[in-house]
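Here is a short tour for anyone meeting this structure for the first time. Have a look at the sequence and the model, and then we'll walk through a few spots together.

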Amino acid sequence: MEDSADRHVEEWQKELAWMDPVKEAIFVRLAFLARHAAQARREALDSDGLRRWQYKVLLTLRRLGPPYTASPSLLAERLGLTRGALSARLGPLEEAGLISRTHETADRRRVRVRLTEAGSAAFEQHAATEEAGEVALLSALSAAEQQTLADLLRKLVAAVEAGLGGQ
């Protein structure tokens, strides 16, 4: 079975005698799969009517666990945003009924952001759409092959996280 990476490597081997064809094939395939996954996520978001930034806010609240609430400063920190940028994003989500903002009774200056039932449903719908696409892609591999791939990728990620990635 041949793929576009094989053709890419074959073409470049003619021009770059020093190129390691196995290394090149690995990185071409990783890049191809990353583009494929990113495109599939964009299409899933489009079909669900969400923007990426909206989904990221919902995802962050969901990841925090029950009761799916957070302070704006915690959300901003987790999302890598300024408080002002976060505030601009929360308004449309609140208008759409996906989150709510409430003031704490003890200190009215303190605000809590909460994932609403509609926000939870939007998150679940999108997560299920993404899951189905990822399961379909991985169905080309057996369960044992999927585990091997996960283990090999973990090894590479751990090397990069340990500063061994060469960059």
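Which residue's side chain meets that of Arg-41 in a salt bridge? It's Glu-130, with N and O 3.4 Å apart. Keep in mind that you're looking at a predicted model.

**Salt bridges**

Arg-41 sits in helix H2 and Glu-130 in helix H6, so their pairing ties together parts that are 89 residues apart in sequence. The two partners don't have the same kind of surroundings: Arg-41 is partly exposed, with a relative accessible area of 39%, while Glu-130, at 16%, counts as buried because the cut-off for buried is under 20%.

In general, side chains of opposite charge can pair when their charged atoms come close. The count for this model comes to nine salt bridges. Here are three of them:

| Pair | N to O distance |
|---|---|
| Asp-3 and Arg-29 | 2.7 Å |
| Asp-6 and Arg-29 | 2.9 Å |
| Arg-41 and Glu-130 | 3.4 Å |

Arg-29 turns up twice there, and indeed Asp-3, Asp-6 and Arg-29 are linked in a network of salt bridges. Asp-6 lies in helix H1 and Arg-29 in helix H2, so that pair joins parts 23 residues apart in sequence. As for accessibility, Asp-3 is partly exposed at 27%, Asp-6 is partly exposed at 26%, and Arg-29 is partly exposed at 30%.

**Pockets**

Arg-29 also has a place in the largest pocket, which has a volume of about 1,300 Å³. Of the 38 residues lining this pocket, Arg-29, Leu-33, Leu-137, Leu-138 and Leu-149 are the closest to its centre. The elements that each give two or more residues to the lining are H1 (4–15), H2 (21–48), H6 (117–138) and H7 (143–161). H2 gives the most, with 14 residues. What's the lining made of, in terms of nonpolar, polar and charged residues? It divides into 23 nonpolar, five polar and 10 charged.

The second largest pocket holds about 200 Å³ of space. You'll meet Arg-41 and Glu-130 again here, since both are in its lining, which also includes Tyr-55 and His-126. H2, H3 (52–63) and H6 each supply at least two residues of that lining. Its make-up is four nonpolar, one polar and five charged.

**The nonpolar core**

Now for the largest nonpolar core, with 20 residues. The members that touch the most others are Leu-58, Leu-61, Leu-75, Leu-86, Leu-90 and Ile-99. Helices H3, H4 (72–79), H5 (83–95) and H6, along with strand S3 (111–115), each supply at least two core residues. The largest share, four residues, comes from H3.

Zoom in on Ile-99: what does it contact, apart from neighbours within four places in sequence? Its contacts are Leu-58, Leu-61, Leu-90, Leu-93, Glu-94, Val-113, Arg-114 and Thr-116.

**A loop worth a look**

Last stop: the loop between H3 and strand S1 (69–70), where you'll find Pro-67. The peptide bond from Pro-66 to Pro-67 is cis, with omega near 5 degrees. Tyr-68 is in this loop too. Its phi is near 60 degrees, a positive value in a residue other than glycine. Tyr-68 counts as partly exposed, at 23% relative accessibility.

Notes
Residues numbered from 1 in each chain as written. Predicted model: local features only at pLDDT ≥ 70, side-chain atom pairs only at ≥ 80, totals over all residues. Heavy atoms only, no water. 1 Å grid on protein atoms, 1.4 Å probe; cavity = no way out; pocket = protein on both sides within 12 Å on 5 of 7 lines; lining within 4 Å. Points joined across faces, edges and corners; volume = space filled by probe spheres on them. Nonpolar A, V, L, I, M, F, W, Y, C, P; charged D, E, K, R; others polar. Buried < 20%, exposed > 50% of the residue type's maximum accessible area, 1.4 Å probe, protein only. Core = buried A, V, L, I, M, F, W, Y, C linked by side-chain atoms within 4.5 Å. Contact = heavy atoms within 4.5 Å. Salt bridge = Lys/Arg side-chain N within 4 Å of Asp/Glu carboxyl O.
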